[in-house]
Amino acid sequence: MTPSNPVVSPLRRDALGPLKDREEVARRLLEASARHSFDPDTELDWNAPPEDGKWFWPPELLSLYDTPLWRTMSEEQRIELSRHEAASLASLGIWFELILMQLLVRHIYDKPLTSSHVRYALTEIADECRHSKMFARLIERGGAPAYPVTPLHHNLARILKTVSTTPGSFACTLLGEEILDYMQRLTFPDERVQPLVRGVTRIHVVEEARHVRYAREELRRQMVSCPRWEAGLTRLSCGEAARVFSVAFVNPAVYTNVGLDRREAVAQVRASGHRREVMQTGAKRLTDFLDDIGVMRGAGRRLWRASGLLA
Ligand SMILES: [Fe+2]
Ligand SMILES: [Fe+2]
């Protein structure tokens with residue numbers, strides 16, 4: 001069930017036509033959902049206390065890793081940073097999922113009620129409901145605060161989730177899902193990491209693989225069939241979303257809360273070659289795909305470059 005395995009082969013897709021293809025993809029995804037869905041409330045041990053000396057996020061994936069500031073921090077302070085960054089990423093995850101749920105509801109509002117495509121979207125919304133509750137519980141259990149995004153980003157997303165066109169919505173969905181997914185794939189097998197964090201990321205990786213597939217297949221279809229102005233708007237809104245995303249990724253309040261100088265920490269993260277590489281590697285699968293379907297052109301591409309996510 002890796003995202004690189006196409007659900008429907010390209011040859012088959014040509015023969016099917018877009019609507020049949022859409023139904024076929026949705027049917028496969030419904031089957032996958034029936035086979036691999038988890039109830040985090042019963043699947044994970046929420047009462048086990050955190051283990052001493054274990055990380056809440058792999059150190060190499062922390063924003064400050066390998067910076068001059070990092071080298072002055074004790075092991076304890078580094079682990080403390082991991083606790084707060086994990087809470088910040090889980091908060092970001094809930095924010096994304098709330099946006100995504102609204103986009104999905106808007107997407108299916110005009111679609112045939114009993115189609116597999118709509119049924120799968122509802123299944124995905126149900127997945128995201130469980131995920132957001134799971135992330136909230138993880139934040140609470142870790143003991144670090146929730147880290148909402150800034151009021152500006154909060155309100156920019158309010159506009160996006162209200163007015164975004166269909167391809168724009170799916171492009172932004174992928175942006176939110178794929179980079180976090182890259183980090184989570186490295187987190188769940190990592191034995192240095194807290195068992196609860198590993199359990200949460202494992203569930204999320206398994207269930208997100210089909211979300212990525214659904215959004216990719218739909219975005220590919222939409223970019224072929226949508227009017228020119230909409231494709232142009234998608235390129236721009238996706239580039240702008242990448243720019244906002246790269247800034248909002250870690251809430252800078254985490255640095256203050258672990259006793260660091262916030263401005264200095266933000267400046268060092270911005271200057272960090274390691275961090276740039278992590279973010280660009282995380283975005284690579286997505287940027288290659290967007291390039292392939294024509295989303296990375298013109299002014300949109302320049303915004304992607306400005307975000308630092310495109311090499
Ligand atoms: Fe999710
Ligand atoms: Fe998702």
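Me: Leaving aside its neighbours within four places in sequence, which residues is Trp304 in contact with?

Reply: This is a predicted model, so read every contact as a feature of the prediction. Skipping the residues within four places along the chain, Trp304 still touches a long list of partners. They are Leu175, Cys238, Gly239, Ala242, Leu286, Thr287, Leu290, Met296, Leu309 and Leu310.

Me: And of the 89 residues in the largest nonpolar core, which touch the most other members?

Reply: In soluble globular proteins, nonpolar side chains tend to be buried together. Here the largest nonpolar core has 89 residues, and its largest share, 16 residues, comes from helix H5 (residues 75–108). The members that touch the most others are Leu64, Phe249, Leu290 and Trp304.

Me: On to the metals. Which protein donors does the iron ion (ligand 1) have?

Reply: Along the chain, the donors of this ion follow the spacing E-x30-E-x2-H-x72-H-x3-E. They lie 2.0 to 2.3 Å from the iron. Put names to that pattern and you get Glu97 (OE), Glu128 (OE), His131 (ND1), His204 (NE2) and Glu208 (OE).

Me: How many residues apart are His131 and His204?

Reply: Both histidines bind the iron ion (ligand 1), and both are buried. His131 sits in helix H6 and His204 in helix H9 (residues 195–225), so the pair links distant parts of the chain. Their separation in sequence is 73 residues.

Me: What are the protein donors of the iron ion (ligand 2)?

Reply: For ligand 2 the donor spacing reads E-x48-E-x30-E-x2-H. The distances run from 1.9 to 2.4 Å, and Glu208 is listed twice with an OE atom. The full set is Glu128 (OE), Glu177 (OE), Glu208 (OE), Glu208 (OE) and His211 (ND1).

Me: How far apart are the iron ion (ligand 1) and the iron ion (ligand 2)?

Reply: Glu128 coordinates both ions. That glutamate is buried, with 1% relative accessibility. The separation between the two irons is 3.5 Å.

Me: Glu177: buried or exposed?

Reply: Glu177 is a donor to the iron ion (ligand 2) and lies in helix H8 (residues 166–187), 49 residues from Glu128 in helix H6 (residues 116–142). Its relative accessible area is 8%, and the cut-off is under 20%, so Glu177 counts as buried.

Me: Leaving aside its neighbours within four places in sequence, what is Ser132 in contact with?

Reply: Ser132 is found in helix H6. At 9% relative accessible area, Ser132 is buried. Setting aside its sequence neighbours, the contacts of Ser132 are Ile94, Glu97 and Met101.

Me: What is the distance between the closest N and O atoms in the salt bridge of Asp127 with Arg130?

Reply: Both residues lie in helix H6, three residues apart, which is about one turn of the helix. Asp127 is buried at 1% relative accessible area, whereas Arg130 is partly exposed at 21%. The closest N and O atoms of the bridge are separated by 2.7 Å.

Me: Which helix holds both Asp288 and Lys284?

Reply: The side chains of these two meet in a salt bridge, 2.6 Å from N to O. Asp288 is partly exposed at 40%, and so is Lys284 at 44%. They are four residues apart, about one helical turn, in helix H13 (residues 273–292).

Me: Which salt bridge partner does Arg301 meet at 3.2 Å?

Reply: Arg301 is partly exposed at 25% relative accessible area, and its partner is partly exposed at 41%. Arg301 lies in helix H14 (residues 298–307) and the partner in helix H13, so the bridge ties together parts that are ten residues apart in sequence. That partner is Asp291.

Me: Which residues are linked in a network of salt bridges?

Reply: The model has 22 salt bridges in total. Some of them join up into a network, linking Glu178, Asp181, Arg185, Arg216 and Arg285.

Me: What accessible area do Leu152, Leu156, Ile159 and Val163 have together?

Reply: These four form a nonpolar patch on the surface. One of them, Val163, lies in helix H7 (residues 151–163) and counts as exposed at 58% relative accessibility. Together the four have an accessible area of about 390 Å².

Me: What is the positive phi of Asp66?

Reply: Most residues other than glycine have a negative phi. Asp66 is not a glycine, yet its phi is positive. Asp66 is found in the loop between helix H3 (40–43) and helix H4 (68–72), and is partly exposed at 42% relative accessibility. The phi of Asp66 is about 70°.

Terms used
Residues are numbered from 1 along each chain as its sequence is written. Chains are lettered from A and ligands numbered from 1 in the order in which they are written. This is a predicted model: local features need pLDDT of at least 70, side-chain atom pairs count only at pLDDT 80 or more; totals for chains, interfaces and linings use all residues. Side-chain values use heavy atoms; hydrogens and water are left out. Donors are N, O and S atoms within 2.8 Å of the metal (3.2 Å for Na, K and Ca); water is not among the atoms, so sites may look incomplete. Helices (H or I, at least four residues) and strands (E, at least two) are DSSP runs, numbered from the N terminus. Buried means under 20% relative accessible area, exposed over 50%, partly exposed in between (1.4 Å probe, protein chains only). Patches are made of residues with over 30% relative accessible area and no salt bridge: like charges are joined within 9 Å, nonpolar side chains (Val, Leu, Ile, Met, Phe, Trp, Tyr) within 5 Å. Accessible areas come from the Shrake-Rupley method with a 1.4 Å probe; for residues, only the protein chains shown count as cover. A nonpolar core is a set of buried Ala, Val, Leu, Ile, Met, Phe, Trp, Tyr and Cys residues joined through side-chain atoms within 4.5 Å. Contact means heavy atoms within 4.5 Å.
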